[in-house]
4 protein chains.
Amino acid sequence: MARLRFTVEQRFADLDLLGHVNNVAYVTYLQEVRLKLLSRLLGERLLTMNHVVVRNEIDYLLPLSLRPEPLPVDTWIERIGRSSYVIGCEVIDPEGRVAAKATTVLVHLGSDGSAAPIPDDVRALLAKALEEPDA
Amino acid sequence: MARLRFTVEQRFADLDLLGHVNNVAYVTYLQEVRLKLLSRLLGERLLTMNHVVVRNEIDYLLPLSLRPEPLPVDTWIERIGRSSYVIGCEVIDPEGRVAAKATTVLVHLGSDGSAAPIPDDVRALLAKALEEPDA
Amino acid sequence: MARLRFTVEQRFADLDLLGHVNNVAYVTYLQEVRLKLLSRLLGERLLTMNHVVVRNEIDYLLPLSLRPEPLPVDTWIERIGRSSYVIGCEVIDPEGRVAAKATTVLVHLGSDGSAAPIPDDVRALLAKALEEPDA
Amino acid sequence: MARLRFTVEQRFADLDLLGHVNNVAYVTYLQEVRLKLLSRLLGERLLTMNHVVVRNEIDYLLPLSLRPEPLPVDTWIERIGRSSYVIGCEVIDPEGRVAAKATTVLVHLGSDGSAAPIPDDVRALLAKALEEPDA
């Protein structure tokens, strides 16, 4: 799909002792950007969905420091399954290089709290994004 | 290697809106337990090492809620490479089930900040742990 | 009232760049200890109450570093008003000195979400704690 | 002094179980805005200063929820002492009301780590800000 670029505002607390963004903070960045992506794609429908993260996978490629400028993160829908879907992310450093790559798998939960097929309207919205050509 | 069991004290802030431990908080748990493991295996030597997390991989299997009892997390050295090593973790829920599985890859950094062979004394300590039979 | 001593497990992320516990982390410690105190005094009743923090006041007296041992925090009910009550806290460093002093004011909310008199059963439990002599 | 308005980007993790911004997250907001203020007033000089927060005082006036728009926070230098200075803050909600008021006291530390007079160049920059008329 077309990648979407969002940004995250870094915080002082994202740094660890060594002055680098701590590995846990990147996962917070992924969460913020995922919510921005899903909010963009699904709108109000996001609020009535019940889905959970079942897998996170992150490769840390370059150290990040704290910058006042918003940190760009590219994100996209990578794959849509029956009851799960996959979001890809790349955190971009100030020189435009990929500082981290990540994929997150989410599962849709039915009313009984177990994995259930993604509802058709949500699937349509995600699929539309998946098929959109890169700008 | 023999697994070691450590515990993490949960915090109210680990919960998200839905009353479950948020996916980011698990990564904090991994970090706490990793420091406990490495502190146990390497002692003071931990303080003079320079290593960074280059990969995190987490499967969330069961939701966790907030409990006053310390949360058990099993951890072990899974593999030792030339300049990197891998730590495995399983977060255990109050019923004794594996609530999450994770692996973290760390890379040793030389004085120039790039990947460098794990120093012999550190390698010996990690290898000793790796070879220890399960209790 | 008799002070109660609880402990908080510190986390690596509580540290800032300078290797000291960041001022925000202390407020997390207060929250953890407040929940332990209220859970001890009110039991299950805590879960059906609706109260919010309306004021936090903290004096940072000594820097704290990261220790593997649980951090002791003394806490007590300081005052009970009509719809609010005050909790006192002292964070204790490894040498037994007071590293920080804090008071937190909480307000009970009625069903309409505005300040309301503390229910009699809760007031009785808080008052009992307030009147208990120091051990 | 003239108040300066900065903004903070909220995060999902700032919310607690009840869907409101948790009281601890406000203290994070204060920290972010304080760094923005000091960075604006002191520039590079901020990096070579050694000061610590010795007091935080926050009144929570209105609940905040999570909004995608940046959260405005007004801030100003409130008072300059010999070795300490005071920063005031007001967190503004989407309706333009003051959702929280806070003051933070910082102390300048000398090379031995104890309170020391604020260096003249820093004092001059802070004083200039303090005296600036409101826009």
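Let me start with one pair of residues: Glu90(C) stands opposite Lys101(C) in strand β5(C). Strands here, like helices, are DSSP runs numbered from the N terminus, with E and at least two residues for a strand, and H or I and at least four residues for a helix. The pair belongs to β4 (residues 84-92) and β5 (residues 98-108) of chain C, which are joined antiparallel over nine bridges. Two strands count as paired if DSSP finds at least two bridges between them.

Before going on, what you see is a predicted model, where local features need pLDDT of at least 70, side-chain atom pairs count only at pLDDT 80 or more, and totals for chains, interfaces and linings use all residues. Residues are numbered from 1 along each chain as its sequence is written, and chains are lettered from A and ligands numbered from 1 in the order in which they are written.

Now confidence. pLDDT is the predictor's confidence in each residue, from 0 to 100. Chain A averages 94, and 98% of its residues score at least 70. Within chain A, helix α2 (residues 120-131) has the lowest confidence, at a mean of 92, and strand β5 (residues 98-108) has the highest, at 98. For the complex, the predictor gives an ipTM of 0.94 and a pTM of 0.95.

Back to the sheet. In what order do the ten strands run? The open sheet goes β1(C)-β3(C)-β4(C)-β5(C)-β2(C)-β2(D)-β5(D)-β4(D)-β3(D)-β1(D), with antiparallel pairing. At the edges are β1 (4-8) of chain C and β1 (4-8) of chain D, each pairing on one side only. On average, neighbouring strands are turned by 25 degrees against each other, direction ignored. For angles, axes are lines fitted to C-alpha atoms, for helices over the stretch in contact, and the values run from 0 to 180 degrees between N-to-C directions.

Two helices lie across these strands. Helix α2 (residues 120-131) of chain C crosses β3 (71-80) and β4 of chain C, at about 115 degrees to β3(C). Helix α1 (residues 23-42) of chain D lies across β1, β2, β3, β4 and β5 of chain D and also β2 (51-60) of chain C, running at about 130 degrees to β1(D).

Next, chains A and B. Their contact takes 13 residues from each of the two chains; residues are in contact if their C-beta atoms, placed from the backbone, lie within 7 Å. On the chain B side, α1 (23-42) and β2 (51-60) each supply at least two residues, and β2(B) gives the most, with eight. That side divides into six nonpolar, four polar and three charged residues. Ala, Val, Leu, Ile, Met, Phe, Trp, Tyr, Cys and Pro count as nonpolar, Asp, Glu, Lys and Arg as charged, and the others, Gly among them, as polar. Strand β2 (residues 51-60) of chain A runs antiparallel to β2(B), with five bridges between them, and Asp59(A) stands opposite Arg55(B).

How does chain B map onto chain A? A rotation of 180 degrees with 0.0 Å of shift along its axis superposes them, RMSD 0.0 Å, which is the relation of a two-fold axis. Copies are superposed by least squares on the C-alpha atoms of residues with pLDDT of at least 70 in both. In chain B, the C-alpha of Glu57(B) is nearest the axis, 2.2 Å away.

Last, chains A and D. Here eight residues of chain A are in contact with eight of chain D. The chain A side has three nonpolar, two polar and three charged residues.
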